[in-house]
Amino acid sequence: MTRMLFPFLAVLVTFARAAPTPLFGIEIDLGKESEDKTTAVSQDVITTNILRPALFSRTAYCSAQSVTNWSCGAPCDAIPNVKVLTAGGDDGAIPGFFIASDPDSQTIVVAHQGTDAHKILSIANDIEFAQVDANTTRFPQAGSDVKLHSGFQDTQERTADIVMSTVQSGLSSTGFKRVLVTGHSLGAAVASLDAAMLRMALPDDIEVDSVVFGLPRVGNQAWADLFDSLFPDFIYVTNQDDIVPTVPPHALDFEHPQGEIHITAVNNSTGDATMVACPGQENQNCSAGKSLADITDDSIPDHLGPYLAGISFGGKACPA
């Protein structure tokens with residue numbers, strides 16, 4: 001299927017550019033791009049800001065039962081003392097997720113599982129490119145110009161109520177003042193939507209942070225600008241030649257927010273990653289500068305990892 005998808009995307013983009021009217025409800029617009037130089041990210045920053053979210057995102061691939069009992073083997077053992085508040089999902093229409101309290105960081109954590117290539121419904125969620133209006137019940141600060149990937153918004157909607165109520169009750173019962181929202185792949189898209197929903201709904205004295213991995217484009221330019229205003233410190237990590245951050249295509253008016261941290265290399269012996277910060281939206285020196293025509297099946301392993309500290313994502317990364 002992957003080999004068929006790449007030429008399909010290339011043809012779709014070419015046809016979309018030539019279309020006299022919006023194609024599939026999508027305006028054709030390249031949006032903002034950045035050419036700013038990248039800067040090296042230190043190992044201290046990686047350990048402090050990126051490692052723990054990666055550990056939680058990996059654990060989201062474990063079964064709901066093993067996560068609930070925090071008995072998922074190495075992924076759970078790497079984050080001790082966590083108390084799970086709820087876990088669920090069917091790996092299809094509702095990808096796996098969990099919400100937990102993390103006393104070591106005084107944080108309520110929301111983590112979403114990404115696409116499992118063996119689950120057809122998850123793949124269907126990912127390749128639906130139509131844009132729709134943002135649900136202003138979930139995103140009351142979104143104007144009429146904000147458009148979202150319909151499949152991602154639909155997937156987020158299926159767990160939005162339980163995420164909101166569990167986070168609110170978790171903050172109340174623990175007294176914590178911070179929420180972290182994380183995920184990988186499809187889970188990264190859902191996590192970014194959850195983060196925006198929570199930031200708009202929770203009191204200003206609650207810190208809401210989001211660090212995600214292998215993020216596809218979630219919405220249009222207006223969405224990216226709104227997201228930037230909500231999360232000036234957002235981090236999304238892209239890994240080498242991973243294709244997922246390049247879809248849906250930029251030419252179909254999908255735009256990444258700022259905050260990309262790009263992995264340029266991973267040391268296979270130590271697991272350490274070399275990362276650079278990519279200023280602005282759609283920095284052409286990082287993932288956005290890669291062409292779909294240049295990406296082959298060889299790029300798919302980069303989506304799963306390893307990313308950093310030997311952490312990979314997907315079902316094989318958490319067999320429990």
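**A mixed open sheet and the helix across it**

In this predicted model, His112 has Gly183 of strand S7 as its bridge partner. That pairing belongs to a wider contact between strand S4, residues 107–112, and strand S7, residues 178–184, which run parallel and are joined by 5 bridges.

Both strands take their place in an open sheet of 9 strands with mixed pairing, whose order reads S1-S11-S10-S9-S8-S7-S4-S3-S2. At its edges stand strand S1, covering residues 39–41, and strand S2, covering residues 83–88, each of which pairs on one side only. From one strand to its neighbour the sheet turns by 20° on average, when direction is ignored.

From the sheet the path leads on to helix H7, residues 186–201, which lies across S4, S7 and strand S8 (207–213) and runs at about 160° to S7. The helix comprises 16 residues, and the 23 Å from its first C-alpha to its last is close to the 22 Å expected at 1.5 Å a residue. Because 15 of the 16 residues of H7 are buried, that is, under 20% relative accessible area, the helix is largely enclosed by the rest of the structure.

Confidence in the model can be read alongside this picture: the protein averages a pLDDT of 87, and 84% of the residues score at least 70. Over residues 1–21, however, pLDDT stays under 50, and for this stretch the model has 29 contacts beyond four places in sequence. Residues 117–125 likewise have a pLDDT below 50, with 20 contacts in the model beyond near neighbours in sequence.

Note on methods:
Residues are numbered from 1 along each chain as its sequence is written. This is a predicted model: local features need pLDDT of at least 70, side-chain atom pairs count only at pLDDT 80 or more; totals for chains, interfaces and linings use all residues. Side-chain values use heavy atoms; hydrogens and water are left out. Two strands pair if DSSP finds at least two bridges between them. Helices (H or I, at least four residues) and strands (E, at least two) are DSSP runs, numbered from the N terminus. Axes are lines fitted to C-alpha atoms, for helices over the stretch in contact, and angles run from 0 to 180 degrees between N-to-C directions. Contact means heavy atoms within 4.5 Å. The expected span of a helix is 1.5 Å times one less than its number of residues. Buried means under 20% relative accessible area, exposed over 50%, partly exposed in between (1.4 Å probe, protein chains only). pLDDT is the predictor's confidence in each residue, from 0 to 100.
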